[in-house]
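Visitor: I am new to this structure and would love a close look at one part of it. Could you pick a place to start and walk me through what surrounds it, step by step?

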Amino acid sequence: MEQASFRSPIGGVGVAEEEGHIVQVTWTDRSETARTPLLAEAVAQLQAYFAGTLKTFDLPLKPAGGSLQQQVFDAMRAIPYGETRTYGEIAEALGTYGQPVGAACGANPIPIIIPCHRVLSKEGLGGFSARGGVETKIALLKHEGGYPFLL
């Protein structure tokens, strides 16, 4: 697995590629230069996202996960920049319950690009499994202007 990383406004971000697909985004303190064209493009797109010039990622993704997780990942990718959905809304659309949707969000191996930060609980923010937890989720939502009362 090839990897690259860079500093972002929310800390170090790592990206991993396997067999021509992005398979992971992580939080890291390491600094690794992109050694493949795909990793260079992924880093460039993430940097453009943080610079506010990119709102939609265009990368080949291959997140690990079962059938329901894949459906949730697809549903998260369909949430436009600056918008949010609740676990319940996604669950209803998929014919399941909020808890498995929340579990799939927590298992998302490609956060930011697959925007699990855009999924909220009915009563508030919900959780976030990235470094910094909910504070990182808030920072991403503020960056996108997707949660007006946080601004």
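Guide: Let's start with Arg-35, which has a relative accessibility of 56%. Exposed here means over 50%, so Arg-35 counts as exposed. Please keep in mind that this is a predicted model. Arg-35 has a charged partner, Glu-2, and the two form a salt bridge in which the closest N and O atoms are 3.0 Å apart. The pair links distant parts of the chain, 33 residues apart: Glu-2 belongs to strand E1 (residues 2–8), while Arg-35 sits in the loop between strand E3 (21–27) and helix H1 (37–51). Glu-2 has a relative accessibility of 30% and so counts as partly exposed.

This pair has company, for a search of the whole structure finds 4 salt bridges. One of them joins Arg-30 to Glu-32, with 2.9 Å between the closest N and O atoms. Here the two partners fall into opposite classes: Arg-30 is exposed, at 51% relative accessible area, whereas Glu-32 is buried, at 18%.

Another salt bridge is that of Arg-118 and Glu-144, whose closest N and O atoms are 2.8 Å apart. Arg-118 lies in the loop between H4 and E5 and Glu-144 in helix H5, so this pair ties together parts that are 26 residues apart in sequence. Arg-118 is buried, with a relative accessible area of 4%, and Glu-144 counts as buried too, at 7% relative accessibility. If you leave aside the neighbours of Glu-144 within four places in sequence, you will find this residue in contact with Tyr-49, Tyr-81, Gly-82, His-117 and Arg-118. To get a sense of scale, look from Glu-144 to Val-119: their C-alpha atoms are 13 Å apart in space, and the residues are 25 apart in sequence.

While you are in helix H5, look at Thr-136, which is found there as well. Thr-136 is buried, with a relative accessible area of 8%. Apart from its neighbours within four places in sequence, Thr-136 is in contact with Ile-10, Phe-128 and Arg-131.

Helix H5 (133–144) also leads us on to helix H3, as H5 is one of the elements that cover the buried residues of H3. Helix H2 (67–77), strand E4 (85–86), helix H4 (98–106) and strand E5 (119–120) are among the others. The residues being covered are Tyr-87, Ile-90 and Ala-91, the buried ones of helix H3 (residues 87–94). They span an arc of only 100° around the axis, which places them on the same side of H3. There is a simple pattern behind this kind of arrangement: an α-helix has 3.6 residues a turn, so residues three or four places apart point the same way. Turn the helix around in your view, and the face of H3 directed away from its buried side shows the exposed residues Glu-92 and Ala-93. Just after H3 comes Gly-95, which takes a positive phi of about 70°.

Now let's see how H3 meets H4. Their axes are 8 Å apart, and the two helices pack at an angle of about 110°. That makes H3 roughly perpendicular to H4. From H3, Tyr-87, Ile-90 and Ala-91 meet Gly-98, Val-101, Gly-102 and Cys-105 of H4. Sorted by class, the residues of this contact are 5 nonpolar and 2 polar, with no charged ones.

H4 has a further packing partner in H2. These two helices pack at an angle of about 75°, and their axes are 9 Å apart. H2 and H4 are therefore roughly perpendicular to each other. On the H2 side you can pick out Leu-68, Gln-69, Val-72, Phe-73 and Met-76, which meet Pro-100, Val-101, Ala-104 and Cys-105 in H4. This contact has 8 nonpolar residues, 1 polar residue and no charged ones.

For a last stop, find Gln-71 in helix H2. Gln-71 is partly exposed, with a relative accessible area of 34%. From here you can look back to Ile-90: the C-alpha atoms of Gln-71 and Ile-90 are separated by 9.5 Å, and the two residues lie 19 residues apart along the chain.

Technical notes: Residues numbered from 1 in each chain as written. Predicted model: local features only at pLDDT ≥ 70, side-chain atom pairs only at ≥ 80, totals over all residues. Heavy atoms only, no water. Buried < 20%, exposed > 50% of the residue type's maximum accessible area, 1.4 Å probe, protein only. Helix = DSSP H or I, 4+ residues; strand = E, 2+ residues; numbered from the N terminus. Arc of directions from axis to C-beta. Contact = heavy atoms within 4.5 Å. Salt bridge = Lys/Arg side-chain N within 4 Å of Asp/Glu carboxyl O. Axes fitted to C-alpha atoms, helices over the stretch in contact; angles between N-to-C directions. Parallel < 35°, antiparallel > 145°, perpendicular 65-115°, else oblique. Nonpolar A, V, L, I, M, F, W, Y, C, P; charged D, E, K, R; others polar.
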